Amino acid sequence: LPLNKYALQLIADEGTGTGKVFNCISEQRMNNKLKEIAATAKVAKHITNHVGRHTFATMYYRMTRDVAGLKYLLGHSRIEQTMVYVHITDEEINESMKDFEAKLLL
């Protein structure tokens, strides 16, 4: 998975010297660390690795509209798996149709 400059900087700034941000072995331990960070930052939402995966997928899709790339990044073998992570709103559909119409009428 290619890391963007922000992720690489986070590893450099907060990392453990191992190339990892946390020295967690299990997902459960990672989730506990995330809950500690959320509490320190006074974030009241439920935060887990899986919630972060959904957030990444939704943001990536909204910014790129690249479902095929997202499928690859998430390591899915079938597009149906990826679509669970793509939360398309009516507003996005309307915006896409306006963009399509504008390009069609050029």
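The following questions and answers go through the helices, side-chain pairs and surface of a predicted model.

Biologist: How many helices and strands does the protein have?
Modeller: From the N terminus on, the elements run α-α-α-α-α-α. No strand appears in the protein. The count is 6 helices and 0 strands.

Biologist: What share of the 106 residues is buried?
Modeller: A residue counts as buried when its relative accessible area is under 20%. In this protein of 106 residues, the buried share is 18%.

Biologist: What part of the exposed area do carbon and sulfur atoms supply?
Modeller: The area exposed by the protein is about 8500 Å². Of that area, the part supplied by carbon and sulfur atoms is 58%.

Biologist: Is the aromatic pair of Phe-56 and Tyr-60 stacked, edge-to-face or tilted, and which class do the planes give?
Modeller: The structure holds 1 aromatic pair. Phe-56 and Tyr-60 form this pair, with 5.8 Å from centre to centre and 35° between the planes. Planes under 30 degrees apart would count as stacked and over 60 as edge-to-face, so the remaining class applies. The pair is tilted.

Biologist: Where do Phe-56 and Tyr-60 lie?
Modeller: The two residues are 4 apart, about one turn of the helix. Phe-56 is partly exposed, because its relative accessibility is 38%. Both residues lie in helix H3, residues 49-64.

Biologist: Which residue meets Arg-62 in a salt bridge?
Modeller: The N to O distance in this bridge is 2.9 Å. The pair links distant parts of the chain, with Arg-62 in helix H3 and its partner in helix H6 (residues 90-104), 30 residues apart. Arg-62 itself is partly exposed at 41% relative accessible area. The partner is Glu-92.

Biologist: Is Glu-92 buried or exposed?
Modeller: The cut-off for buried is under 20% relative accessible area. Glu-92 has a relative accessibility of 10%, so Glu-92 counts as buried.

Biologist: How many residues apart in sequence are the parts that Arg-65 and Glu-92 tie together?
Modeller: Arg-65 forms a salt bridge with Glu-92, and the closest N and O atoms are 3.7 Å apart. Arg-65 lies in the loop between H3 and helix H4 (67-74), whereas Glu-92 is in helix H6, so the bridge ties together parts separated in sequence. The separation is 27 residues.

Biologist: Which residue forms a salt bridge with Arg-78?
Modeller: The count of salt bridges comes to 3. In the one with Arg-78, the N to O distance is 3.7 Å. Arg-78 is partly exposed at 47% relative accessible area. Its partner is Glu-80.

Biologist: Which residues do salt bridges with shared partners join into one network?
Modeller: Arg-62 meets Glu-92 in a salt bridge. Arg-65 also forms a salt bridge with Glu-92. The network therefore has a shared partner, and its members are Arg-62, Arg-65 and Glu-92.

Biologist: Which element gives the most to the nonpolar patch?
Modeller: The patch covers about 800 Å² and includes Ile-79, Met-83, Ile-93 and Phe-100. Two or more residues come from each of helix H5 (79-83) and H6. With 4 residues, the element that gives the most is H6.

Biologist: Where is Leu-105 found?
Modeller: Leu-105 is one of the residues that make the nonpolar patch. At 67% relative accessibility, Leu-105 counts as exposed. Leu-105 is found in the segment after H6.

Notes
Residues numbered from 1 in each chain as written. Predicted model: local features only at pLDDT ≥ 70, side-chain atom pairs only at ≥ 80, totals over all residues. Heavy atoms only, no water. Phe/Tyr/Trp six-rings, centres within 6.5 Å; stacked < 30°, edge-to-face > 60°. Buried < 20%, exposed > 50% of the residue type's maximum accessible area, 1.4 Å probe, protein only. Salt bridge = Lys/Arg side-chain N within 4 Å of Asp/Glu carboxyl O. Patch = residues over 30% accessible without salt bridge, like charges linked within 9 Å, V, L, I, M, F, W, Y side chains within 5 Å. Areas by Shrake-Rupley, 256 points an atom, 1.4 Å probe, with all protein chains shown as cover.
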